[in-house]
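Me: I am new to this structure and would like a close look at a single part of it, the largest pocket. Please go slowly, and place that part within the rest of the chain.

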Amino acid sequence: MADFVNGFISSVQMTQSGLSLNVHLKTAGLITTSLPTLQSMVTCLAGVRDFDQLQTIPEVKWQEINKVLHRLKIITFQGRSTINYTVNQLLPRDTPLRMTFKGKDGKQVTIAEYFKKVYLCELQELPLVQSLGKNQCHLPLELCYLVNKQFLPFNGHSERGNRE
């Protein structure tokens with residue numbers, strides 16, 4: 001899932017004897033291309049083989065998965081355009097068949113109905129991905145692809161991907 005890359009963190013600080021250069025060894029996790037989709041990464045993190053088993057994962061496991069996925073960069077291919085997003089979290093209890101929004105005509109429509117009508121795409125009963133940013137949206141998990149060559153974010157909650 002991730003290759004570990006060694007590097008250095010450096011900083012300059014003022015000390016009693018003058019300027020001091022601090023250099024620390026850092027190891028970070030780089031996402032490999034063996035997991036091209038967010039869906040494949042989620043099943044790997046969850047420890048399941050089949051996507052149908054995602055519905056049986058306990059809430060504690062979803063919290064651990066969301067810690068790893070938070071702030072990862074993803075892309076979607078909608079129509080002829082490629083759109084970049086940043087993951088906020090997965091919503092395991094919200095699926096494209098359950099979550100609704102107000103359409104342009106003012107009627108409530110599910111995300112699955114919208115994607116079927118606009119993109120001719122049948123969606124599965126998988127968790128939705130909530131994006132970060134001012135244009136926050138909910139994306140079907142199966143349509144999200146990982147951006148190549150990005151580091152796993154270190155959020156301070158776990159030592160995974162960061163050793164000093």
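Reply: To sort the residues around a pocket, Ala, Val, Leu, Ile, Met, Phe, Trp, Tyr, Cys and Pro are counted as nonpolar, Asp, Glu, Lys and Arg as charged, and the others, Gly among them, as polar. On that basis, the lining of the largest pocket is made up of eleven nonpolar, five polar and five charged residues. This is a predicted model, in which local features need pLDDT of at least 70 and side-chain atom pairs count only at pLDDT 80 or more, while totals for chains, interfaces and linings use all residues. Residues are numbered from 1 along each chain as its sequence is written, and side-chain values use heavy atoms, with hydrogens and water left out.

The largest pocket holds about 510 Å³ of space, a volume being the space filled by probe spheres set on grid points that are joined across faces, edges and corners. A pocket is an open set of points on a 1 Å grid over the protein atoms alone, where a 1.4 Å probe fits, with protein on both sides within 12 Å along at least five of seven lines, and lining residues have an atom within 4 Å of a point. Of the 21 residues that line the largest pocket, Phe101, Lys102, Gly103, Val109 and Tyr114 lie nearest its centre. At least two lining residues come from each of β5 (100-102), β6 (108-110), α3 (111-119) and β8 (138-140), where helices (H or I, at least four residues) and strands (E, at least two) are DSSP runs numbered from the N terminus. Helix α3 contributes the most to this lining, with six residues.

One of these elements, β8, leads from the pocket to a sheet: five strands form an open sheet in the order β8-β7-β4-β3-β9, with antiparallel pairing. Because β8 and β9 (145-146) stand at the edges with a single partner strand each, one side of each has no neighbour in the sheet. Strand β8 runs antiparallel to β7 (residues 128-131), and three bridges join them, two strands being paired if DSSP finds at least two bridges between them. At one point along this pairing, Gln130 has His138 in β8 as its bridge partner.

For the wider setting, the chain has three helices and nine strands, which follow the pattern β-β-α-α-β-β-β-β-α-β-β-β along the sequence. Of its 164 residues, 38% count as buried, meaning under 20% relative accessible area, with exposed set at over 50% and partly exposed in between (1.4 Å probe, protein chains only). Helix α1 (residues 38-46) is mostly covered, with eight of its nine residues buried, including Leu38, Met41 and Val42. Just after α1, Gly47 takes a positive phi of about 75°.

Finally, the confidence of the model deserves attention. The mean pLDDT of the chain, the predictor's confidence in each residue from 0 to 100, is 81, and 81% of the residues reach 70 or more. The highest confidence falls in β7, at a mean of 96, and the lowest in strand β1 (residues 2-15), at 68. Over residues 156-164 pLDDT stays under 50, and for this stretch the model has 16 contacts beyond four places in sequence, a contact being heavy atoms within 4.5 Å. Where pLDDT is low, the predicted coordinates should not be read in detail.
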